[in-house]
Amino acid sequence: MPDQTTDFVTKRSISMSLALRLIDAAAAEAHCIEGAFSIVVLDDAGHVKASARMDGAGLSSLQVATDKAYTVVATGFTPAQWFEYSSGDPKMASGMAGMDRVVTFDGGLPIVMSGEVIGAIGVSGGHYEQDLQVATAAANSVRETTGAVSG
């Protein structure tokens, strides 16, 4: 008889409520630095859980924000970690150039609960350092209320 305990996996994933709180916190930080950003929260499988394009944010920033979050959930690396990982390796950098949706500039962070990636946030619209600032502020705000952390 098959072992039924191996027939399925239980995992955590980000809730819509938490995703919306991340969007709100990111938008609040964006207002503080007077920027217009797109903010995307993906679940652990890379599906959009919540997104917003602030007034004045460029249309392409929505796709870039999505790709920053996707990079995190698809690879386990933040975009900046991918850059560091591949920058000294021409073969790796060349191979990465052909990977759809994987980006290497800051603005994407994992959302981790109990050591498990439950989703990711991606931000785009400013310089990548500003994008990271907005994403970090959002992740820090939910850490204070839920215990979820960013990597």
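Which residues does I118 touch, not counting residues up to four places away in sequence? Keep that in mind while we walk through this predicted model.

**Start with the whole chain.** Show the protein chain as a cartoon and you will find 5 helices and 5 strands. Followed from the N terminus, the elements run α-β-β-α-α-α-β-β-α-β. The radius of gyration is 16 Å, close to the 15 Å that the globule rule gives for 151 residues, so the chain is as compact as a globular protein of that length. Along its principal axes, the C-alpha trace spans about 60 × 40 × 25 Å.

**Now turn on the surface.** The accessible surface comes to about 8100 Å², and 54% of this belongs to carbon and sulfur atoms. Colour by charge next: there are 9 positive and 17 negative side chains, with the centres of the two sets 4 Å apart.

**Then look inside.** Buried residues make up 40% of the 151 residues. Among contacts with a separation of 6 or more, 63% are between residues 24 or more positions apart.

**Finally, select I118.** You will find I118 in strand β4, which covers residues 116-124. I118 has a relative accessible area of 3%; buried means under 20%, so I118 counts as buried. Display its neighbours as sticks and you have the reply to the opening question: I118 touches R12, S13, I14, L18, L42, D43, D44, I111 and M113. Pick L42 from that group and draw a distance between the C-alpha atoms: L42 and I118 are 8.8 Å apart in space, although 76 residues separate them in sequence.

Terms used:
Residues are numbered from 1 along each chain as its sequence is written. This is a predicted model: local features need pLDDT of at least 70, side-chain atom pairs count only at pLDDT 80 or more; totals for chains, interfaces and linings use all residues. Side-chain values use heavy atoms; hydrogens and water are left out. Helices (H or I, at least four residues) and strands (E, at least two) are DSSP runs, numbered from the N terminus. Buried means under 20% relative accessible area, exposed over 50%, partly exposed in between (1.4 Å probe, protein chains only). Contact means heavy atoms within 4.5 Å. The radius of gyration is taken over C-alpha atoms; the globule rule is 2.2 Å times the number of residues to the power 0.38. Accessible areas come from the Shrake-Rupley method with a 1.4 Å probe; for residues, only the protein chains shown count as cover. Lys and Arg count as positive and Asp and Glu as negative; His and the chain ends are not counted. The place of a charge is taken as NZ of Lys, CZ of Arg, CG of Asp or CD of Glu.
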